[in-house]
Amino acid sequence: MSFKVFDKWDLEEVKIEDQGLVNYVCLDEVLVPHTMGRHVKRQFAKSRVSIVERLMNKIMRTERNSGKKNKAYNIVRDSMEIINKRSKQNPLQVLVKAVENTAPREETTRIKYGGIGYQVAVDIAPQRRVDLSLGFLTRGALQSSFKSKRTVEECLADELLLAAESDTRSFAVQKKEEKERVARSAH
């Protein structure tokens, strides 16, 4: 018996190509992506939360959507419908591909040595890569829908489709490239 997210899209079709993210992009069989915080009891347990629910949680991070899980659920569900209509693909595969393409591999950290502070390039942990990627995707969608005639659902669908193709018009792809460029200059 196979479960389907939103009763429409099968999780067994989705493939994760980035081997570093396999353990951190969770594709659990969930009918409704809403765990009600059952994952908070253990450290690093958010890697066992469905990637769809984590996207919803990131949408709820803004002032306008703070704590509105049902609104975030509807935004994600409707944007998945739009992705399916436009691309004729499984929208969960598009989401996973977008996360893979927008997850930065390197960033900088500040080191203070002898009273002098300087930037050093460091590799990013896979958990942080997924967090940054989801944050970039949702921030790009919410910013493009603000004071616009387009709905949040349309903007999220556009952002995910552009990011899945590694298109530089995507906010998330731009942020990833910016972060990696700064890290390269700190070498």
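A residue is termed buried under 20% relative accessible area, exposed over 50% and partly exposed in between, with a 1.4 Å probe and only protein chains taken into account. By this criterion R150, at a relative accessible area of 33%, is partly exposed. The structure is a predicted model, in which local features need pLDDT of at least 70 and side-chain atom pairs count only at pLDDT 80 or more, whereas totals for chains, interfaces and linings use all residues. Residues are numbered from 1 along each chain as its sequence is written, and side-chain values use heavy atoms, with hydrogens and water left out.

The chain contains six helices and four strands, assigned as DSSP runs (helices: H or I, at least four residues; strands: E, at least two) and numbered from the N terminus. Read from the N terminus, the order of elements is β-β-α-α-α-β-β-α-α-α. Of the 187 residues, 47% are classed as buried. Contacts (heavy atoms within 4.5 Å) between residues at least 6 apart in sequence join residues at least 24 apart in 62% of cases. The accessible area of the chain is about 10,600 Å², of which carbon and sulfur atoms supply 49%; areas were obtained by the Shrake-Rupley method with a 1.4 Å probe, and for residues only the protein chains shown count as cover.

An example of a buried position is L160, located in helix α5 (residues 152-164). L160 is classed as buried because its relative accessibility is 0%. Its contacts, not counting residues up to four places away in sequence, are I83, V94, L95, A98 and L137. The C-alpha atoms of L160 and I83 lie 8.2 Å apart, although 77 residues separate the two in sequence.

Electrostatic pairing was examined next. Side chains of opposite charge can pair when their charged atoms come close. Under the definition of a salt bridge (a side-chain nitrogen of Lys or Arg within 4 Å of a carboxyl oxygen of Asp or Glu), the structure holds 14 such pairs. One of them joins E81 and K8, with an N to O distance of 2.0 Å. This pair connects distant parts of the chain, as E81 belongs to helix α2 (residues 69-87) and K8 to the loop between β1 (4-5) and β2 (9-10), 73 residues apart. E81 is partly exposed at 21% relative accessibility, and K8 is likewise partly exposed, at 45%. In a further salt bridge, the closest N and O atoms of D158 and R150 are 1.9 Å apart.

Within helix α6 (residues 171-185), K175 and E178 are separated by about one helical turn, because they are three residues apart. Their side chains form a salt bridge with an N to O distance of 3.9 Å. Relative accessibilities of 23% for K175 and 36% for E178 place both residues in the partly exposed class. Elsewhere, E17, K97 and E100 are joined into one network by salt bridges that share partners.

Two acidic residues of strand β3 were also considered. E106 lies in this strand, which spans residues 106-113. With Lys and Arg counted as positive, Asp and Glu as negative, and His and the chain ends not counted, E106 is buried yet has no salt bridge, the nearest side chain of opposite charge being that of R184 at 5.9 Å. Residues touching E106, leaving aside those up to four places away in sequence, are A121, V122, D123, I124, K179, E180, A183, R184 and H187.

E107 is also part of β3 and is classed as buried, because its relative accessibility is 12%. Its side chain makes a polar contact of 2.8 Å with that of R128, where the term denotes a pair of N or O atoms within 3.5 Å; within protein, one atom must be able to donate a hydrogen and the other to accept it, and residues adjacent in sequence count only if both atoms are side-chain atoms. Among the residues that E107 touches are V120, R128, L132 and K179.

A nonpolar surface patch is formed by I111, Y113, I116 and Y118, with about 440 Å² of accessible area together. Patches consist of residues with over 30% relative accessible area and no salt bridge, like charges being joined within 9 Å and nonpolar side chains (Val, Leu, Ile, Met, Phe, Trp, Tyr) within 5 Å. Strands β3 and β4 (116-123) each supply at least two residues of this patch. Y113, located in β3, counts as exposed because its relative accessibility is 63%.
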